[in-house]
Amino acid sequence: MANVLRNSAKFGFSGVLSQLSIHSRHGRECVSPCFSLQQRNNSTSPKIKVDLDSSTGVAVLRMQSPPVNSLSLDFLTEFCINLEKLEMDRSCRGLIITSTLSKVFSAGLDIMEMYGKSPERCGEFWKAVQEMWLKLYGSNMATIAAINGSSPAGGCLMSIGCDYRIMVDNPRYSIGLNETQLGIVAPFWFKDTLVNTVGNRAAELSLELGLLYSAPDALKIGLVDQLVPEDQVLSTAQDTMSKWLAIPDHARQIDQCVYIIYNTSPLPLDHARQMDQCVISVCIYYI
Ligand SMILES: CCCCCC/C=C/CC(=O)SCCNC(=O)CCNC(=O)[C@H](O)C(C)(C)COP(=O)(O)OP(=O)(O)OC[C@H]1O[C@@H](n2cnc3c(N)ncnc32)[C@H](O)[C@@H]1OP(=O)(O)O
């Protein structure tokens with residue numbers, strides 16, 4: 001889907017649909033059986049652990065980078081590599097993202113990556129942030145965030161980049177795009193994704209005041225879809241995933257594609273991406 005999004009710039013909407021038509025029965029891109037077999041291995045990298053259950057077609061990606069799963073360049077690179085592998089694996093149709101840490105899903109972007117770094121390094125970092133979002137939001141897989149802890153800023157972006165959000169019912173866990181509280185501004189594509197999730201007015205209030213919502217409040221504004229007790233977050237995500245996978249992949253994917261095309265600003269277009277990159281690199285450099 002990420003490729004489809006990128007190519008939408010080149011081919012227009014009919015091109016997007018014709019791209020979708022080359023997908024396989026489940027709507028996933030065809031790959032050679034040999035490659036598919038190579039990809040089927042479960043993988044463990046230092047910051048991320050992925051377990052794919054070939055019988056259900058559901059992968060669970062666990063973020064395991066203490067203390068707070070902050071999104072450093074290394075973390076984002078690993079995340080994208082793992083996502084790409086799953087995307088290429090025909091047997092994988094659904095992805096659940098969760099954390100192994102107690103109390104924290106992800107603390108968002110690693111603040112150390114935004115302090116005193118060269119413009120080149122900032123550019124590389126921001127490209128990785130964009131890439132993470134494009135790969136996740138544009139994924140062919142059904143994606144569910146099992147949010148088992150706080151998820152501010154970039155952690156919230158990662159959650160709203162998924163198709164569905166289940167959060168632990170604990171008022172001490174918070175989620176939201178709190179950038180303005182830190183004196184920084186969420187980029188336009190953070191805003192778009194939030195608007196798509198909670199609507200215009202709630203997004204406006206949320207962004208301008210940099211609000212962090214407790215789990216119950218997040219449910220009230222629609223920032224998350226469901227609250228569950230701590231020990232049920234993964235099982236609920238698995239049950240919910242089976243409902244999503246009961247829908248033919250091509251129908252869900254085309255629906256999502258139409259939604260994305262009509263509801264988001266064009267980050268997938270190269271020039272928009274470069275402009276975003278430029279603005280952020282300069283901002284970070286002068287922090
Ligand atoms: C200028 C242009 C730039 C535009 C960019 C716009 C986009 C920004 C998106 C972002 O994601 S910015 C990052 C925003 N993140 C936050 O505001 C989260 C801050 N952290 C927290 O709120 C809490 O840490 C927590 C996640 C709720 C967890 O709380 P807990 O009490 O469990 O842990 P702490 O004691 O607070 O932290 C432990 C440890 O982790 C370090 N840390 C926390 N957050 C980050 C982070 N984002 N990056 C790097 N490191 C982080 C914290 O400093 C502690 O380290 P220590 O060495 O143990 O002191």
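## Close-up views of a predicted model with its ligand

**View 1. The shell around the ligand is mostly a nonpolar affair: 17 nonpolar residues, alongside five polar and two charged ones.** Keep in mind that this is a predicted model. The shell counts 24 residues, and those that come nearest to the ligand are Ala-107, Leu-109, Ile-111, Ala-153 and Gly-154. On the secondary-structure side, strand S7 (149–152) chips in at least two shell residues, and helix H11 (270–285) likewise gives at least two.

**View 2. Zooming in on the ligand's nitrogen and oxygen atoms, we find backbone partners at Ala-107 and Ile-111 and a side-chain partner at Asn-178.** For Ala-107, a backbone N or O atom sits 2.9 Å from a ligand nitrogen. Ile-111 does much the same job with its own backbone, where an N or O atom is 3.0 Å from a nitrogen atom of the ligand. Asn-178 uses its side chain instead: an N or O atom there lies 3.3 Å from an oxygen atom of the ligand. Taken alone, the ligand has 1,100 Å² of accessible area, and the protein covers 63% of that.

**View 3. Asn-178 gets its own panel, sitting in the loop that runs between strand S9 (174–176) and helix H6 (188–198).** Is this loop residue buried or exposed? Asn-178 counts as buried, because its relative accessibility is 10%, and the cut-off for buried is under 20%. Besides the ligand oxygen at 3.3 Å, the Asn-178 side chain also reaches the backbone nitrogen of Ala-153, at 3.2 Å. Ala-153 is itself one of the residues that come nearest to the ligand. Neighbours within four places in sequence aside, the contacts of Asn-178 are Pro-152, Ala-153, Gly-210 and Leu-212.

**View 4. Val-185 shows another spot in the loop between S9 and H6.** Val-185 counts as exposed, because its relative accessibility is 67% and exposed means over 50%. Follow the chain from Val-185 to Cys-283 and you travel 98 residues, yet their C-alpha atoms are 9.7 Å apart in space.

**View 5. Move into helix H6 and you meet Thr-197.** Which residues does Thr-197 touch, once neighbours within four places in sequence are set aside? They are Ile-160, Arg-165, Gly-222 and Leu-223. As for Ile-261, that residue is 64 positions from Thr-197 in sequence and 15 Å from it in space, C-alpha to C-alpha.

**View 6. Here are the cysteines, in a structure with zero disulfides.** Why does Cys-92 have no bonded partner? The closest cysteine sulfur belongs to Cys-162 and is 13 Å away, which is too far for a bond. Cys-156 is in no disulfide either, with the sulfur of Cys-162 again the nearest, this time at 11 Å. Cys-92 is buried, with 0% relative accessible area. Cys-156 also counts as buried, at 0% relative accessibility.

**View 7. Pulling back, the whole chain has eleven helices and eleven strands.** It runs to 287 residues, of which 55% count as buried. Among contacts with a separation of 6 or more, 75% come from residues 24 or more positions apart. The chain exposes about 12,900 Å², with carbon and sulfur atoms supplying 58% of that area.

Terms used. Residues numbered from 1 in each chain as written. Predicted model: local features only at pLDDT ≥ 70, side-chain atom pairs only at ≥ 80, totals over all residues. Heavy atoms only, no water. Helix = DSSP H or I, 4+ residues; strand = E, 2+ residues; numbered from the N terminus. Buried < 20%, exposed > 50% of the residue type's maximum accessible area, 1.4 Å probe, protein only. Polar contact = N/O pair within 3.5 Å; in protein donor to acceptor, adjacent residues only side chain to side chain. Contact = heavy atoms within 4.5 Å. Areas by Shrake-Rupley, 256 points an atom, 1.4 Å probe, with all protein chains shown as cover. Near = heavy atom within 4 Å. Nonpolar A, V, L, I, M, F, W, Y, C, P; charged D, E, K, R; others polar. Disulfide = S-S within 2.5 Å.
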